[in-house]
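Welcome, and thanks for taking a look at this one with us. Here is a short briefing to read alongside the structure.

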Amino acid sequence: MLLKTKVRLAASVFLVLFPILWWYPSQAVWHDYQNLINKSPEVRLSLITLWVPIGLFGAVIASLFLSLTAIYTGKTASLVLGDKWMKIINKACVYSALSGVIFAVVFGFYSISLLDKNGYSYSSALTKITPTGIHLIYLR
């Protein structure tokens with residue numbers, strides 16, 4: 001009984017925490033894009049963070065499904081679903097991550113072309129290096 005409680009508690013924490021950890025950088029990417037579209041005087045382009053909205057989306061969906069399974073049954077989802085389904089879920093997460101990398105590259109080139117088209121210039125003095133990557137700052 002104690003093990004089921006621990007599994008349910010861990011799954012509940014993960015169910016709440018992981019979508020928030022995905023949402024925060026995804027919103028940052030969205031706001032950066034909105035600043036570019038609205039032609040703000042200062043625009044940030046975070047190339048590494050660009051893969052998060054698509055790259056982690058598959059993992060968020062999988063974690064929601066697996067967490068709900070663990071909460072409902074009180075067992076880890078891998079015990080309930082079995083190896084076959086866990087391999088399928090893992091492949092879906094890998095393909096989502098690869099799609100995120102492709103999205104980041106394409107969207108990065110698209111953003112840079114919009115920056116050039118709208119007359120922005122790169123500012124090395126304002127560029128920030130953080131744990132989430134290099135945040136390039138462009139000024140109008």
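A patch, as used here, is made of residues with over 30% relative accessible area and no salt bridge, and nonpolar side chains are joined within 5 Å. With that in mind, Leu 9, Val 13, Leu 17 and Leu 21 make up a nonpolar surface patch, and together they offer about 390 Å² of accessible area. Please keep in mind that this is a predicted model.

**Helix 1 and its surface patch**
- Helix 1 covers residues 2-37, and Leu 21 from the patch lies in this helix.
- Trp 22, which also lies in helix 1, is buried, with a relative accessible area of 14%.

**Aromatic pairs**
- How many aromatic pairs does the structure hold? There are 9 of them.
- A pair of aromatic rings is described by the distance of the centres and the angle of the planes.
- For Trp 22 and Phe 57, the ring centres are 5.6 Å apart and the planes stand at 50°, so this pair is tilted.
- Phe 57 belongs to helix 3 (residues 57-73) and Trp 22 to helix 1, so their pair ties together parts that are 35 residues apart in sequence.
- Trp 22 is buried at 14% relative accessible area, whereas Phe 57 counts as partly exposed at 41%.
- Elsewhere, ring pairs join Trp 30, Tyr 33, Phe 103, Phe 107 and Tyr 110 into a cluster.

**The loop after helix 1**
- Most residues other than glycine have a negative phi.
- Lys 39 has a positive phi, near 55°, although this residue is not a glycine.
- Where does Lys 39 lie? Its place is the loop between helix 1 and strand 1.
- Lys 39 counts as partly exposed, because its relative accessibility is 42% and the partly exposed class runs between 20% and 50%.

**The sheet**
- Strands of a sheet pair through backbone hydrogen bonds, either parallel or antiparallel.
- In this model, 3 strands build an open sheet with antiparallel pairing, and their order is 1-3-2.
- Which strands sit at the edges? They are strand 1 (42-46) and strand 2 (121-130), each of which pairs on one side only.
- On average, neighbouring strands of this sheet are turned by 25° against each other, with direction ignored.
- Strand 3 (residues 133-139) pairs with strand 2 over 6 bridges, in the antiparallel sense.
- Lys 128 has His 135 in strand 3 as its bridge partner.

Technical notes. Residues are numbered from 1 along each chain as its sequence is written. This is a predicted model: local features need pLDDT of at least 70, side-chain atom pairs count only at pLDDT 80 or more; totals for chains, interfaces and linings use all residues. Side-chain values use heavy atoms; hydrogens and water are left out. Two strands pair if DSSP finds at least two bridges between them. Helices (H or I, at least four residues) and strands (E, at least two) are DSSP runs, numbered from the N terminus. Axes are lines fitted to C-alpha atoms, for helices over the stretch in contact, and angles run from 0 to 180 degrees between N-to-C directions. Patches are made of residues with over 30% relative accessible area and no salt bridge: like charges are joined within 9 Å, nonpolar side chains (Val, Leu, Ile, Met, Phe, Trp, Tyr) within 5 Å. Accessible areas come from the Shrake-Rupley method with a 1.4 Å probe; for residues, only the protein chains shown count as cover. A salt bridge is a side-chain nitrogen of Lys or Arg within 4 Å of a carboxyl oxygen of Asp or Glu. Rings of Phe, Tyr and Trp (its six-membered ring) pair if their centres lie within 6.5 Å; planes under 30 degrees apart count as stacked, over 60 as edge-to-face and the rest as tilted. Buried means under 20% relative accessible area, exposed over 50%, partly exposed in between (1.4 Å probe, protein chains only).
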